[in-house]
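Visitor: I'd like a close look at one part of this model, the packing of a helix pair. Could you take me through it slowly and then show me where it sits in the wider picture?

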Amino acid sequence: MGQRVRLGGWVHRRRDLGGIVFIDLRDRAGVVQVAAGPTAPAEVRRVAGELTSETVVEVEGQVTARPANMKNPELATGDVEVQATKLAVLGPAVTPAIPVARGKGEELPAEELRLRHRHLDLRRPEMQGNLMLRHRLLQRARRTLSDLEFLEIETPVLTKPTPEGARDYLVPARVHPGEFYALPQSPQIYKQLLMVSGFDRYFQLARCFRDEDLRNDRQPEFTQIDLEASFVGMEDVLGYVEAVLVALWDEAGHKIARPFPRITWREAMERYGTDKPDLRYELSIADWTAQVKPLAVPFVESTLKDGARVRGLAVKGGGGLSRKDVDQLAEAAKQLGGSGLAWVKRQGEHISGSVGKHFTAETLGQLGVGDGDAALMAVGPDRVTSPVLDRVRQEVIRRLEFQPKAAHAFCWVVDFPLFEPEPETGKPVFAHHPFTSPHPDDLARLDTDPFSCRALHYDAVYNGNELGSGSIRITDPAVQRRVFGHLGMSREDAEARFGFLLSGLQAGAPPHGGFAIGFDRVVMLLAGAGSLRDVIAFPKTTTARALFEGAPAPAAPGDLAALHIEVKP
């Protein structure tokens, strides 16, 4: 108390009580109350009385204790205030287009409006807290990987167009008419070449770019914690990534145990219908074909062909689902390509539901459906029933307000397929990227049965969210060419696209593997934000537009001419 201070910040609120003016002064550290009362100089009282919200001011004064009845326990500075002796306006402000100060219960303005006035939206304490958390997490990741003897090395942003699963953003090369750079979808090839070059542990906080349709958890430009290491196997890479994730969660105040449990891709798809299962909840999918097929259920008999199965969920307490709930779940199933959703409820010996008349308490018991429970089932090939039952599982958990068995459920999903069929042609396409090594036990089948080959690929999953992916890489140029061949690339095409990688692998490549953590998503989850846009300073909308600065925008004719580009109407 009694300390003289000089403060600068924004006027968060002003309260004029006649004989005294209170100013809530805000900066990124928080809010402090400034008082301009009867003992303050007349000029200070005059300026204080004319201040408008969001004006930038500088204050000098003495720190004093607030009266006991005026203390504010919700503020870190709530026990003190500054008695102003000097007050200067440094940056007058017009009336803000959107409010920065929000009272309890007040709704935020529409997101589009906030994005158009992002400089104001970023003043909100919630947004500043998110970006300060982001900073802390970035520094913790750097420290953790540096302590593990990884080297931070930057890779090019202007690079060569290569297929990595999404469209490239192309950049015309002015001095090379008709030729283009691409913005990197990831540093994948460069970090492999760094391994070939002898930098056995690399990491980068990498900016990546993908021209793809957006969702709440996707942006056209994003940041990933990218790492690669030589002379390692899968166990080593998983250990490095676990160390980083545990450190990030610790930075946010959560203690996480390692090692993380593991589940194969096939088991994840079988039990949860997704390769990013939320393991906080016990509810899982079961194959009921053997039990249901003999019951002659018309819904089942008409669909059970060509490898189709009956799969379902035994929902504890599912008797609490209303008819409206079940109808909405059935409609969701149809929207995902399913034929609908059959359901049965059991209340004692009373059986009801869309196919209830075909079941008895005994047959429901065989499915694990007890008194007060429900059975929800879908029929069809796995490619249909898996996404349907994944969606139904998530909705049931939400609607019945299931309590999680743990707040944080990490897992590794391993043994992914190397290839998957292209939906229209059935031809192989890479499940992740074409540099992933086939599982050594399956390499003999690479040419004869490529769809049966597993990949040395692994995903980190947290509470139903994919945090990132990685793999052990192909280091044999001959195997890499065989994989390119399965993807429809001729030897000449592969050389034109990836000759620099193949040349590097021929120069003596150590075994290596790596991982990329989706950093924006990690921050979103740890901040409890509803969208990536809440943890990125200047994000794009779901139509890939930057509303604040107005990008993308038309280019001037002279600029286009210099790039040898013509825009067709």
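Guide: Here's a walk through one helix pair, followed by a second pair and then the rest of the chain. Keep in mind that this is a predicted model.

Let's start with helix 13, residues 477-486, and helix 14, residues 491-506. Their axes lie 10 Å apart, and the packing angle is about 155°. Anything over 145 degrees counts as roughly antiparallel, so helix 13 gets that label relative to helix 14. As for handedness, helix 13 passes helix 14 in a right-handed crossing.

Who's actually touching? Helix 13 brings Pro477, Gln480, Arg481 and Phe484. On the other side, helix 14 offers Arg491, Ala494, Glu495, Phe498, Leu501, Leu502, Leu505 and Gln506. Sort the residues of this contact by class and you get seven nonpolar, two polar and three charged.

Now for another pair to hold up beside it: helix 10 (residues 323-335) and helix 12 (residues 382-399). Here the axes come within 9 Å and cross at roughly 155°, which means helix 10 runs roughly antiparallel to helix 12. Helix 10 also passes helix 12 in a right-handed crossing. From helix 10, the contact uses Asp325, Gln328, Leu329, Ala332 and Ala333; from helix 12, it takes in Val388, Arg391, Val392, Glu395, Val396 and Arg399. That contact divides into six nonpolar, one polar and four charged residues.

Stepping back, the chain has 16 helices and 22 strands, and its C-alpha atoms fill a box of roughly 90 × 75 × 55 Å along the principal axes. Of its 569 residues, 46% are buried. If you take contacts between residues at least 6 apart in sequence, 67% of them join residues at least 24 apart.

What about the cores? The largest nonpolar core has 42 residues, and Ile225, Leu245, Trp249, Trp412 and Phe515 touch the most other members. Helix 6, residues 234-251, supplies the largest share of this core with nine residues. There's also a second, separate core of 20 residues, with Val21, Leu25, Val63 and Val82 among them.

One last stop, in a loop: Ser437 sits between strand 19 (428-430) and strand 20 (457-462). Its relative accessibility is 14%, so Ser437 counts as buried. Leaving out residues up to four places away in sequence, Ser437 touches Leu418, Ala455, Leu456, Ile472, Arg473 and Ile474.

Note on methods
Residues numbered from 1 in each chain as written. Predicted model: local features only at pLDDT ≥ 70, side-chain atom pairs only at ≥ 80, totals over all residues. Heavy atoms only, no water. Axes fitted to C-alpha atoms, helices over the stretch in contact; angles between N-to-C directions. Helix = DSSP H or I, 4+ residues; strand = E, 2+ residues; numbered from the N terminus. Parallel < 35°, antiparallel > 145°, perpendicular 65-115°, else oblique. Left-handed = near helix turned anticlockwise from the far one by under 90°. Contact = heavy atoms within 4.5 Å. Nonpolar A, V, L, I, M, F, W, Y, C, P; charged D, E, K, R; others polar. Core = buried A, V, L, I, M, F, W, Y, C linked by side-chain atoms within 4.5 Å. Buried < 20%, exposed > 50% of the residue type's maximum accessible area, 1.4 Å probe, protein only.
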